[in-house]
Amino acid sequence: MIDKKQTIQTFAQSEKDTGSTTVQIALLSERITNLSRHLTENKKDKHGQRGLQLLNGQRRRLLKYLERTDYDGYIALTDRLGIRRGQRVIR
């Protein structure tokens, strides 16, 4: 089960921060982990697979935005969450 409050406290940049990009990515990562665990046990859950694809797409878009706007924060967050980064050319 996701402990949303603890995740928000861990990744928040200030005390009242609940919706920054880093917090959103962290919450999505937890949901993706939980859903992946569910799908290993329930291989025929096609609706769950679609949900996982949608969550991955949303997280990918947010990571792309974070990479564009705050590259150092992007590197720190992906290292902290254990998310693999693609090979991108720094501009």
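**Close-up views of a four-helix model**

**View 1. Helix α2 against helix α3****.** Helix α2 (residues 21-41) packs on helix α3 (residues 46-69) at an angle of about 155°, and their axes lie 9 Å apart. That angle makes α2 roughly antiparallel to α3. Angles over 145 degrees count as roughly antiparallel, those under 35 as roughly parallel, those from 65 to 115 as roughly perpendicular, and the rest as oblique. Axes are lines fitted to C-alpha atoms, for helices over the stretch in contact, and angles run from 0 to 180 degrees between N-to-C directions. The crossing of α2 past α3 is left-handed (the near helix is turned anticlockwise from the far one by less than a right angle; clockwise would be right-handed). This is a predicted model: local features need pLDDT of at least 70, side-chain atom pairs count only at pLDDT 80 or more, and totals for chains, interfaces and linings use all residues. Residues are numbered from 1 along each chain as its sequence is written, and side-chain values use heavy atoms, with hydrogens and water left out.

**View 2. Residues at the α2 and α3 contact****.** From α2 come T21, T22, Q24, I25, L28, S29, R31, I32, L35, S36 and L39. They meet G48, Q49, G51, L52, L55, N56, Q58, R59, L62, L63, Y65 and L66 of α3. Contact means heavy atoms within 4.5 Å. Sorted by class, the contact of α2 with α3 has eleven nonpolar, ten polar and two charged residues. Ala, Val, Leu, Ile, Met, Phe, Trp, Tyr, Cys and Pro count as nonpolar; Asp, Glu, Lys and Arg count as charged; the others, Gly among them, count as polar.

**View 3. L39 and G48 across the helix pair****.** L39 belongs to helix α2. L39 is buried, with a relative accessible area of 11% (buried means under 20%, exposed over 50%, partly exposed in between, with a 1.4 Å probe and protein chains only). Not counting residues up to four places away in sequence, L39 touches D45, G48, Q49 and L52. On the other side, G48 lies in helix α3. G48 also counts as buried, at 10% relative accessibility. Under the same exclusion of residues up to four places away, G48 touches L35 and L39. The C-alpha atoms of G48 and S36 are separated by 8.9 Å, with the two residues twelve apart along the chain. L39 and K16 are 23 residues apart along the chain, and their C-alpha atoms are separated by 34 Å.

**View 4. Helix α3 against helix α4****.** Helix α4 (residues 71-81) packs with α3 at an angle of about 135°, with the axes 5 Å apart. That makes α3 oblique to α4. L63, L66, E67 and T69 in α3 meet Y71, G73, Y74, L77 and T78 in α4. By class, this contact of α3 with α4 has five nonpolar, three polar and one charged residues. T69 sits in helix α3. T69 is partly exposed, at a relative accessible area of 48%. The C-alpha atoms of T69 and R50 are 29 Å apart, and 19 residues separate the two along the chain.

**View 5. R85 and the salt bridge****.** R85 is found in the segment after α4. R85 forms a salt bridge with D79, and the closest N and O atoms are 2.9 Å apart. The structure holds one salt bridge, defined as a side-chain nitrogen of Lys or Arg within 4 Å of a carboxyl oxygen of Asp or Glu. Leaving aside neighbours within four places in sequence, R85 is in contact with Y74, I75, T78 and D79. R85 is partly exposed, with a relative accessible area of 35%. R85 and S14 are 71 residues apart in sequence and 26 Å apart in space, C-alpha to C-alpha.

**View 6. The whole chain****.** The protein has four helices and zero strands, and its elements run α-α-α-α from the N terminus on. Helices (H or I, at least four residues) and strands (E, at least two) are DSSP runs, numbered from the N terminus. The C-alpha trace spans about 40 × 35 × 15 Å along its principal axes. Of the 91 residues, 33% are buried. Among contacts between residues at least 6 apart in sequence, 46% join residues at least 24 apart.
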